[in-house]
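Open the model in your viewer and keep the selection box at hand. This tour moves from one selection to the next.

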Amino acid sequence: MTTTSEAPILLTKRRIWIIFGALIAGMLLSSLDQTIVSTAMPTIVGQLGGVEHQVWLTTAYLLATTIVMPVYGKFGDVLGRRNLFLIAIALFTLASVGCAFAGDFTQLVVWRAVQGLGGGGLMILSQAIIADIVPASERGKYLGPLGAVFGLSAVGGPLLGGYFVDHLTWQWAFYINIPVGIAAFAIAWFTLKLPSKKATQPIDILGVVLLSAFTTCLIFFTDFGGDSAHGWAAAETWLFGAGLVVSALLFVLVEARAADPIIPLSLFRNPTFVNATAIGLTLGLGMFSAIGFVPTFLQMSSGTSAAASGLLMLPMMAGLIGTSIISGIAITKTGKYKMFPILGTILTALAMVAMTTLAAETPIWLICVYLFVFGAGLGLIMQVVVLVAQNSVDPSMVGTATSTNNYFREVGAALGVAVFGTIFTSRLTENLTGVFAGAGASAADAADATASIDPQTLNALPDVVRDGVVAAYADALAPVFWYLLPFIGLAFILSLVLKQIKLSDVAGMVARGEAVGGAEAEALEAAQHGHPKSHPAAGGPDAGDRADDALEASEPR
């Protein structure tokens with residue numbers, strides 16, 4: 001529970017778009033970084049000697065992001081979202097400095113985790129703030145452009161990452177976040193005007209600790225189990241497994257008794273919320289694994305440069321942007337959303353089946369077709385399931401619902417990258433060691449060559465060895481897509497049974513009494529500027545006084 005003493009804010013169309021602009025800046029910062037690193041990763045891990053452990057570069061970020069998502073969601077509901085959004089931007093930007101100056105692979109992994117602490121907040125708070133200021137019935141047209149931001153950064157990121165690797169240094173993949181982060185912070189500071197609150201119930205600290213322990217044990221359990229250095233028979237793997245079970249049981253017990261739980265168990269008695277969240281979980285398992293390793297495949301298996309592999313991701317982003325915007329507009333016009341996840345999972349599955357055939361000889365134009373279909377499928381699903389989850393709960397829980405939905409999708413993503421990334425890297429390491437040993441290298445030299453291979457080194461190798469490396473990448477990655485297909489199939493089944501419910505026509509802040517929206521807000525603002533409008537919803541003759549109170553409340557906290 002929370003209290004807030006401020007008079008309502010006026011949610012005019014102008015103010016909504018100003019706030020939306022601040023959210024776009026923050027989301028661009030977070031999403032741009034993930035895609036830049038994807039094309040720079042082969043060079044980064046090669047130069048820092050981390051090829052065998054490259055999965056940690058992605059897993060560290062996802063793990064940190066996943067842990068803090070429920071924290072940002074709940075604390076935003078309890079304390080207000082403005083200051084948390086600024087903290088998330090600052091954390092992300094400072095961590096980018098640390099990544100740029102990392103001296104070894106371990107330091108880089110640590111700083112990537114710190115980046116995730118900020119990135120998780122940017123993702124959750126942006127989606128929750130949109131639910132605060134825009135009714136669910138109109139949210140589709142805003143979620144569409146937000147999805148397009150992901151698409152834009154996923155286009156610009158690989159291109160920039162490829163350019164930095166080919167013409168500058170990989171450190172520029174992190175340097176670029178510094179000016180973007182400063183600009184995003186400034187925009188949010190001056191334009192993100194939201195109410196602050198005070199908690200009236202004790203913060204669920206124990207719940208936060210146990211949820212973090214559960215998430216960490218889950219990731220380490222899957223990573224260690226799939227790692228040849230440990231394996232499923234190793235004692236340490238099953239210690240994490242035991243920690244997973246114990247922390248999950250304790251978390252449920254604590255949440256059942258907490259005065260204000262970080263993830264209320266009542267959410268899981270809401271079938272619409274559970275269905276939308278389950279779709280996100282299964283999609284995360286397949287989606288992020290594919291996105292994370294396709295640029296690596298393009299660079300190392302197809303022999304393209306980092307810049308070229310970034311260009312080859314353009315069709316995927318074109319598909320994602322297009323269907324994200326189209327579906328958002330259609331949902332706003334019709335109020336219907338169920339058909340989009342169904343169609344999206346079908347398209348995604350078709351693209352994954354096609355990608356199981358990828359080989360060094362696959363024509364580039366055909367890879368582009370596969371990626372376009374894959375992106376089109378994702379664009380029909382990603383924002384829709386968040387909208388459904390938000391619409392299925394009380395406005396006072398919109399942040400918690402948003403973060404819980406995203407949390408389970410990120411759990412799926414972290415599991416997918418950990419498990420399928422481990423399968424890929426284990427197969428790759430074995431294949432590459434065989435290639436170098438077959439070329440006459442000793443066991444030690446073959447291991448060193450495997451750990452430090454990057455696109456530049458690959459181009460300098462003799463033709464026979466280079467062809468062997470290319471084949472090793474193709475043989476390691478393409479079959480992994482078969483393992484992802486069952487999860488996309490499950491997402492399809494869940495989409496079929498997703499219930500169609502009416503979309504709310506009241507924004508979250510308006511429903512909670514923190515804001516005035518629609519025609520009433522426009523009339524109040526006009527009255528404040530000396531141009532009163534006669535409108536029955538404007539509140540009568542005291543509209544000017546209400547406008548003064550509301551505008552005073554809108555000052556930055």
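Start with Gly 399. Select its contacts beyond four places in sequence: Gly 73, Asp 77, Arg 81 and Ala 128. This is a predicted model. Gly 399 sits in helix α16, which covers residues 398-438. Is Gly 399 buried or exposed? Gly 399 is buried, at a relative accessible area of 0%. Now add Ala 131. Its C-alpha is separated by 8.4 Å from that of Gly 399, although the two positions lie 268 residues apart along the chain.

Step back to the loop before this helix. Select Ser 392, in the loop between α15 (382-391) and α16. Ser 392 has 15% relative accessibility, under the 20% cut-off, so it counts as buried. Leaving out residues up to four places away in sequence, Ser 392 touches Asn 270, Thr 272, Phe 273 and Ile 501.

Next, the helix pair. Select residues 82-100 for α3 and residues 177-191 for α7. The two pack with their axes 9 Å apart, at an angle of about 165°. Why do α3 and α7 count as roughly antiparallel? Because angles over 145 degrees count as roughly antiparallel, α3 and α7 fall in that class. The crossing of α3 past α7 is left-handed. Show side chains at the contact. On α3, the residues include Arg 82, Phe 85, Leu 86 and Ile 89. On α7, look for Asn 177, Ile 178, Phe 185 and Trp 189, among others.

Keep Arg 82 and Phe 85 on screen, and add Leu 192. Leu 192 touches both of them. Beyond four places in sequence, its other contacts are Ile 19, Ala 22, Leu 23, Ile 129 and Ile 187.

Now widen the view to the nonpolar cores. The largest has 115 residues, and Leu 192 and Met 355 touch the most other members. Helix α10 (residues 271-300) gives this core its largest share, 11 residues. Another core, of 15 residues, lies apart from it. Select Trp 56, Cys 99, Ala 100 and Val 165 to find some of its members.

Finish at helix α12, residues 314-334. This helix has 21 residues. From first C-alpha to last, α12 reaches 30 Å, close to the 30 Å expected at 1.5 Å a residue. Colour its buried residues, among them Pro 315, Met 316, Met 317, Gly 319 and Leu 320. Further along, Thr 323, Ser 324, Ser 327, Gly 328 and Ile 331 are buried too. Last stop: Gly 335, just after α12, takes a positive phi of about 75°.

Conventions:
Residues are numbered from 1 along each chain as its sequence is written. This is a predicted model: local features need pLDDT of at least 70, side-chain atom pairs count only at pLDDT 80 or more; totals for chains, interfaces and linings use all residues. Side-chain values use heavy atoms; hydrogens and water are left out. Helices (H or I, at least four residues) and strands (E, at least two) are DSSP runs, numbered from the N terminus. Buried means under 20% relative accessible area, exposed over 50%, partly exposed in between (1.4 Å probe, protein chains only). Contact means heavy atoms within 4.5 Å. A nonpolar core is a set of buried Ala, Val, Leu, Ile, Met, Phe, Trp, Tyr and Cys residues joined through side-chain atoms within 4.5 Å. The expected span of a helix is 1.5 Å times one less than its number of residues. Axes are lines fitted to C-alpha atoms, for helices over the stretch in contact, and angles run from 0 to 180 degrees between N-to-C directions. Angles under 35 degrees count as roughly parallel, over 145 as roughly antiparallel, 65 to 115 as roughly perpendicular and the rest as oblique. A crossing is left-handed if the near helix is turned anticlockwise from the far one by less than a right angle, and right-handed if clockwise.
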